[in-house]
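Colleague: I would like to learn how to read a few features of a protein model, beginning with what it takes for a residue to be called buried. Could you give me the general idea and then the case at hand?

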Amino acid sequence: FGHTHLLWIARVVLLGAVLAHIWSAYELTRQDLAGRPRSNRYGQKKSIAATYASRTMRWGGVILLLFIIFHIMHFTLGLVGFANGFQPEADGQYHAYENVISGFQFWPATLFYLVAMVLLGLHLYHGFWSAFQTLGINSYKTNTILRALALLVSAGLTVGFVIVPLAVMFGIVQ
């Protein structure tokens, strides 16, 4: 396999994972709505235990889907959001570094990335913690530790993802 082949295999696997995630979210939403009588859907009080992350999962997911589409148009296809133009692959040469610098010098794209990464952090926090709940690992004894672990993982990933655009935007990486 060459570099291009492995890159496209990774892209296809990631796209399949995103599609499976969307299908799962749709099915979960459908089951959630089917589990309540129509008369009670709008009259119920919000759960006190619900976090901001859990209440924003659906709309945050939709915004993240739009972000994924933007990201593909931005860094894979080079169709939007470059300060100095996109440099496509030529003769097996990739210009990822130059494209990242040019892409994040365009401040609207950087702002969208930052907002999307904060939403991703919320999405990951709730999803990571919910995985423990789904597997039956959490209990009143372990809940605090598992929420802290979910916060640590999601915050670490969020900070890692926002460092690059901020470093380019503030001229630390040129």
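Modeller: A residue counts as buried when its relative accessible area is under 20%, and as exposed when that area is over 50%. Please keep in mind that the model in front of us is predicted.

Colleague: Is N99 then buried or exposed, and which residues does N99 touch?

Modeller: N99, which has its place in helix 4 (residues 96-105), counts as buried because its relative accessibility is 6%. Leaving out residues up to four places away in sequence, N99 touches F75, F82, G85, F86 and Q87.

Colleague: How should I read H126 by that rule?

Modeller: H126 belongs to helix 5, and because its relative accessibility is 18%, H126 counts as buried. With residues up to four places away in sequence again set aside, H126 touches T51, A53, S54 and M57.

Colleague: At what angle do helix 3 and helix 5 pack?

Modeller: An angle that is neither roughly parallel, roughly antiparallel nor roughly perpendicular is called oblique. Here helix 3 (residues 57-76) and helix 5 (residues 107-134) pack at about 135 degrees, with their axes 9 Å apart, and therefore helix 3 is oblique to helix 5. The crossing of these two helices is left-handed.

Colleague: Which residues of helix 3 and helix 5 meet?

Modeller: From helix 3 they include M57, F67 and F70, while those in helix 5 include F112, L120 and H126. The residues of this contact between helix 3 and helix 5 comprise 14 nonpolar, seven polar and no charged ones.

Note on methods:
Residues are numbered from 1 along each chain as its sequence is written. This is a predicted model: local features need pLDDT of at least 70, side-chain atom pairs count only at pLDDT 80 or more; totals for chains, interfaces and linings use all residues. Side-chain values use heavy atoms; hydrogens and water are left out. Axes are lines fitted to C-alpha atoms, for helices over the stretch in contact, and angles run from 0 to 180 degrees between N-to-C directions. Helices (H or I, at least four residues) and strands (E, at least two) are DSSP runs, numbered from the N terminus. Angles under 35 degrees count as roughly parallel, over 145 as roughly antiparallel, 65 to 115 as roughly perpendicular and the rest as oblique. A crossing is left-handed if the near helix is turned anticlockwise from the far one by less than a right angle, and right-handed if clockwise. Contact means heavy atoms within 4.5 Å. Ala, Val, Leu, Ile, Met, Phe, Trp, Tyr, Cys and Pro count as nonpolar, Asp, Glu, Lys and Arg as charged, and the others, Gly among them, as polar. Buried means under 20% relative accessible area, exposed over 50%, partly exposed in between (1.4 Å probe, protein chains only).
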